[in-house]
Amino acid sequence: MISAIRPLADQYTTVYASPDPETIFAYSPGLCRLSSGRLVATLDIGGPGVQDLPGVKYPRGEAGYASQGKVYTSDDQGRTWQHRVDYPYKHARPFVTENGLYVLGHAGDLMITHSNDDGET
């Protein structure tokens, strides 16, 4: 049985909630802030239930289950979040350079996603 995790603060915002916490697990979060103030969050989902979800997936995730990465953005200091894209790799981290936003992870090999439009695409 999965027990609820107690929040660290009285006020918080949930970026992603598993539709089935017993078969779809969220892990490996990343967070960065763009010069515009936009927040970019990344996370992985894995487990036996991921194979039935829509979107691209990495077929050999943790424990042999498919995994999927997700990118969310917030333009109101984290009060609300918008899902932007799924990616087929894991353990990704967002970071910013003068050339834009990058998400770096792996799927056997190094994987890099780049956005030069403030994370819109």
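**Entry 1: aromatic pairs**

I count the rings of Phe, Tyr and Trp, the last by its six-membered ring, as a pair if their centres lie within 6.5 Å. With that criterion I went through this predicted model, and I found that the structure holds two aromatic pairs. I noted for myself that a pair of aromatic rings is described by the distance of the centres and the angle of the planes.

The pair I looked up first joins Tyr-87 and Tyr-89, whose rings are 4.5 Å apart centre to centre with 35° between the planes, and I recorded this pair as tilted. I then checked how much of each residue is accessible: Tyr-87 has a relative accessible area of 4% and is buried, and Tyr-89 is buried too, at 3% relative accessibility.

For the other pair, Phe-95 and Tyr-102, I read a centre distance of 5.5 Å and an angle of 15° between the planes, so I entered the pair as stacked. The cut-off behind this entry is that planes under 30 degrees apart count as stacked. Is Phe-95 buried or partly exposed? I found a relative accessible area of 34% for Phe-95, which puts the residue in the partly exposed class, while Tyr-102, at 19% relative accessibility, counts as buried. I kept in mind for Tyr-102 that buried means under 20% relative accessible area.

**Entry 2: strand S3 and its partners**

I turned next to strand S3, residues 67-74, and asked how many of its eight residues are buried. Eight of the eight are, so I describe S3 as largely enclosed by the rest of the structure. In a regular strand the side chains alternate between the two faces of the sheet. I traced the two sets in S3: Ser-67, Gly-69, Val-71 and Thr-73 point one way, whereas Gln-68, Lys-70, Tyr-72 and Ser-74 point the other way, and all are buried.

I then looked up the strands that pair with S3. Strand S2, residues 39-46, runs antiparallel to S3 and pairs with it over eight bridges, and within this pairing I found Gln-68 of S3 as the bridge partner of Ile-45. Strand S4, residues 82-87, is also antiparallel to S3, with five bridges between them, and here I noted Asp-86 of S4 as the bridge partner of Lys-70.

I singled out Thr-73, which has its place in S3 and counts as buried at 3% relative accessibility. I found its side chain joined to that of Arg-84 by a polar contact of 2.9 Å.

**Entry 3: pockets**

Rolling a probe the size of a water molecule over the atoms shows where empty space is left. For the largest pocket I recorded a volume of about 870 Å³ and a lining of 28 residues, with Ile-5, Thr-14, Tyr-16, Ala-17 and Ala-26 nearest its centre. Which strand gives the largest share of this lining? I found that it is S1, with seven residues; S1, residues 25-33, and S2 each supply at least two. By class, I sorted the lining of the largest pocket into 20 nonpolar, seven polar and one charged residue.

The second largest pocket holds about 180 Å³ of space. I listed 13 lining residues for this pocket, of which Val-71, Val-85, Thr-113, Ser-115 and Thr-121 lie nearest the centre. The elements that I found giving two or more residues to this lining are S4, strand S6 (100-107) and strand S7 (109-115). Its lining divides into six nonpolar, five polar and two charged residues.

Methods: Residues numbered from 1 in each chain as written. Predicted model: local features only at pLDDT ≥ 70, side-chain atom pairs only at ≥ 80, totals over all residues. Heavy atoms only, no water. Buried < 20%, exposed > 50% of the residue type's maximum accessible area, 1.4 Å probe, protein only. Helix = DSSP H or I, 4+ residues; strand = E, 2+ residues; numbered from the N terminus. Pairing = 2+ DSSP bridges. 1 Å grid on protein atoms, 1.4 Å probe; cavity = no way out; pocket = protein on both sides within 12 Å on 5 of 7 lines; lining within 4 Å. Points joined across faces, edges and corners; volume = space filled by probe spheres on them. Nonpolar A, V, L, I, M, F, W, Y, C, P; charged D, E, K, R; others polar. Phe/Tyr/Trp six-rings, centres within 6.5 Å; stacked < 30°, edge-to-face > 60°. Polar contact = N/O pair within 3.5 Å; in protein donor to acceptor, adjacent residues only side chain to side chain.
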